[in-house]
Amino acid sequence: MKTPQTRSTTIRGFFKQSIIASFVLTLLSALSLHAQDYPQNTDPPERVARLSILQGNVSLQPAGVDQFSQAETNYPLTNGDRIYVDNSSFAELQSDALAIRMGLGADLSLTSMTDQVAQLGLAQGSVHIRSWDLQNGATIEIDTPNGTITIVRPGDVRIDSYPQDDTTVVTVNSGEAEATGPNLSQAINPGQALRLTGSNPIYVEYVELAPGDNLDRFDQDRDRRQMADRAAQQQYVNPNMIGYSDLQEYGEWFSQSDYGQVWYPRNVDASWTPYHNGHWAWIAPWGWTWVEAEPWGFAPFHYGRWASFNGRWGWIPGPTIVRPVYSPALVAFVGGSNFSVSVGFGGGNGGGLAAWFPLGPRETYVPWYHASPGYVNRVNVTNIYSRNDTEIRNIYNNRTTNTYINKTTVNNTTINNITYVNRTAATTVVPQRAFAAGRPVASAAVHVDPKQLVQAQVMPHPMITPTHEIVAPAPARAVPVNLARPVLQTRVGLAQAVPGAQAHPVPVHTLTPQQQAVKLQPLPGGQKPIQQPAPAPVQRQAIVERPTPNQPARAVPAQPAQPTAQSNPPRSQPVAPINQPKPEPPVQVAQPKPQPPPPVIQPKPQSVAPVNQSRPEPPAQATQPRPQPPPPVIQPKPEPPAQAAQPKPQPRPVDQPRPLINRSEPPPAQPTFVQQRQAIQKTDPGRPLGPQQVENLRSGRPAGPHEQPEPIPHPVAHPPQPKTESKQPPPK
């Protein structure tokens, strides 16, 4: 029985949540009307993929970069990024209701990571695709050299790609998947495994489920941990927040009267402050992006706000009823003329300083990258605990021109008059050289007089151009054999995933009516087809590594599999082919009736003579007993000619790139980092390029000026004047 006090607390909590829900829904409705005339497709994606777990040698090749570097935890991944996991290593990527577990030499590219589509390219190795939700038209697509795998229903799907024999095996543990490609569309139900060989045409056959290996155990262990953490944390945050499952293990929640539930990290120093233990990275299209060093440091640094409560830092998430929008870093940068003169903050990558502090509750986040007014309002409403939308709307004049407010108004009334709660308590300052190179902040931070920080002005972004060090900080310990970017078999032809690549049309080998007629349909519950030979179990194997210029030759052992009672037939044994002529029809054409000739050719003429007396035909056979062998010769099996016409594709060399077959058209590749850096240096140092500037670089034209003005003007940093020597007469 509830007491009056308990009922009162419940009513207050329900009323509080109702007010928040009403405010958010009303604000989002108003924002959709105000921003409907702005081109929303120019906004950056509202989600990314996070490198959540790294075990062993894992390498990263960011988009627009031609070399691999050592991967790190909490690094955000987006379109064009490429991950390689060594044979004895494992890694996990997290996104909205999605986890990708990699191993056994996996070479995975993020072709497209948007709000509704997660398109991945698996060139080799093994991955587990674990999904929990596919609502609102979300799509998960994995492109392989032997076909496209689409997740139809959420679950756990394993994909193994073997470059040695040009084969891909898809195993559905739960959920449902579909394999598509040229003349192929095949559903794969739970408990089934499908082997795809070749690419044009594609030969498909069912195989038995392989015994579990280390990647399966890694996948199951991560599943158990995440399922428990997800259930415990969904009462505090929205389930689409990336990285929230780590909060249960590394902190605790306490209720705060002004902000609701607040999360406090455990085992941090008393002097710890947010955005101090990590480094800055440069990731297009956001530009400056924070990478936290703590294992739990993703959700609290890309969503919500930070505040200090009685000397202890706590993180305040946004409302649980709204899907959160990812931000590269929820901070405000400071600088200006007074700051530059007093402590040496100058433009460029010289000996100046860069400074920032975390945003507090209800403080507005102003992106330093191209974004529409609707995006700015969404990224703020979904990440701050506020009942008043005035602070958000003051950034943009949505009621009239749907463009930025006049710079003078912003500078004089909106920005500089805000009292930031964390400015004096958590401002971090580092040399510009360390900032531009992405060096660890904790070791590069410098002490600045608080009076000088008070004089500094809020800036839209640091006027610092990133160096090449920021995208390749540490050499990779392991790289794939094929260093070139994967080739995609798009709808218009083959095209390598590099800027400016042209697609080359490839003819599609159509199947004969006989091949179409023998297509095998999926059976429910993993049942085997009737009157078919026993399927060959999947023999999982490690990728054969070959020496490369960046890696010496080394022997890589195959992944050990658990022993089974039955022996494994060879992988080349065909089982229930889908797009290949059945061997039975040729046998039926030959028929078993012509088999009686063997008794005729037996070396017993006595038994032959009586038979020939009753039949007029055999006398010719009696005069010529030796020509009897021609019947087997006359019985040509149609199967060999058919196989000769369409033989199974020969295995490609390991070091030869294999095209990836995709279902969705991949987005255009980003310009290289060198191209972007040169354009940024000319247009606006420290500010990422806009969509039109990127398109200009793709077309070989100059980037041109930014098409979107900045809401906060750049403080003018006046360089110190050189000292002039006064001409005084020499003393007598």
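Here is a quick tour of the chain, from its overall make-up down to single residues. Keep in mind that this is a predicted model. The chain runs to 732 residues, and 51% of them count as buried. Its secondary structure comes to 20 helices and 29 strands.

**The chain as a whole**

- Take the contacts in the chain with a separation of 6 or more: 68% of them are between residues 24 or more positions apart.
- On the outside, the chain exposes about 33600 Å². Carbon and sulfur atoms supply 55% of that area.

**Nonpolar cores**

- The largest nonpolar core holds 116 residues, and three tryptophans, Trp 280, Trp 315 and Trp 356, touch the most other members.
- If you want to see which element gives the most to this core, look at strand 7 (residues 98-113), with seven residues.
- There is also a second, separate core of six residues. Among them are Val 262, Tyr 264, Phe 309 and Ile 316.

**Aromatic pairs**

- The count of aromatic pairs comes to 29.
- One to pull up on screen is Tyr 275 with Phe 301: the ring centres are 5.1 Å apart and the planes sit at 90 degrees, so this pair is edge-to-face. The cut-off for that label is an angle over 60 degrees.
- Tyr 275 comes from the loop between strand 16 (260-265) and strand 17 (278-283), while Phe 301 belongs to helix 4 (residues 299-302), so the pair ties together parts that are 26 residues apart in sequence.
- Tyr 275 and Phe 301 are both buried.

**Helix 19 and its buried face**

- Helix 19 covers residues 673-683, and its buried residues are Phe 673, Gln 676, Ala 679 and Ile 680.
- Look down the axis of helix 19 and these buried residues fall within an arc of 130 degrees, so they line one face of the helix.
- What do they pack against? The buried residues of helix 19 pack against strand 17 and helix 20 (691-698).

**A buried asparagine**

- Asn 377 sits in helix 6 (residues 373-381).
- With a relative accessible area of 1%, Asn 377 counts as buried because that value is under the 20% cut-off.
- The side chain of Asn 377 has a backbone partner: it reaches the backbone oxygen of Pro 373 at 2.7 Å.

**Cis peptide bonds**

- Asn 200 and Pro 201 are joined by a cis peptide bond, with omega at about 5 degrees. You'll find Pro 201 in the loop between strand 13 (192-197) and strand 14 (203-207).
- Ala 284 to Pro 285 is a cis peptide bond too, with omega near 5 degrees. Pro 285 lies in the loop between strand 17 and strand 18 (287-292).

**Asparagines with positive phi**

- Asn 267 isn't a glycine, yet its phi is positive, at about 60 degrees. Asn 267 is part of the loop between strand 16 and strand 17.
- Is Asn 267 buried or exposed? Asn 267 is exposed, with a relative accessible area of 81%.
- Asn 310 has a positive phi as well, near 55 degrees, and is likewise a residue other than glycine. Its place is the loop between strand 19 (305-309) and strand 20 (312-316).
- Asn 310 has a relative accessible area of 85% and is exposed.

Terms used: Residues are numbered from 1 along each chain as its sequence is written. This is a predicted model: local features need pLDDT of at least 70, side-chain atom pairs count only at pLDDT 80 or more; totals for chains, interfaces and linings use all residues. Side-chain values use heavy atoms; hydrogens and water are left out. Helices (H or I, at least four residues) and strands (E, at least two) are DSSP runs, numbered from the N terminus. Buried means under 20% relative accessible area, exposed over 50%, partly exposed in between (1.4 Å probe, protein chains only). A polar contact is a pair of N or O atoms within 3.5 Å; within protein, one must be able to donate a hydrogen and the other to accept it, and residues adjacent in sequence count only if both atoms are side-chain atoms. Contact means heavy atoms within 4.5 Å. Accessible areas come from the Shrake-Rupley method with a 1.4 Å probe; for residues, only the protein chains shown count as cover. Rings of Phe, Tyr and Trp (its six-membered ring) pair if their centres lie within 6.5 Å; planes under 30 degrees apart count as stacked, over 60 as edge-to-face and the rest as tilted. The arc is that of the directions from the helix axis to the C-beta atoms. A nonpolar core is a set of buried Ala, Val, Leu, Ile, Met, Phe, Trp, Tyr and Cys residues joined through side-chain atoms within 4.5 Å.
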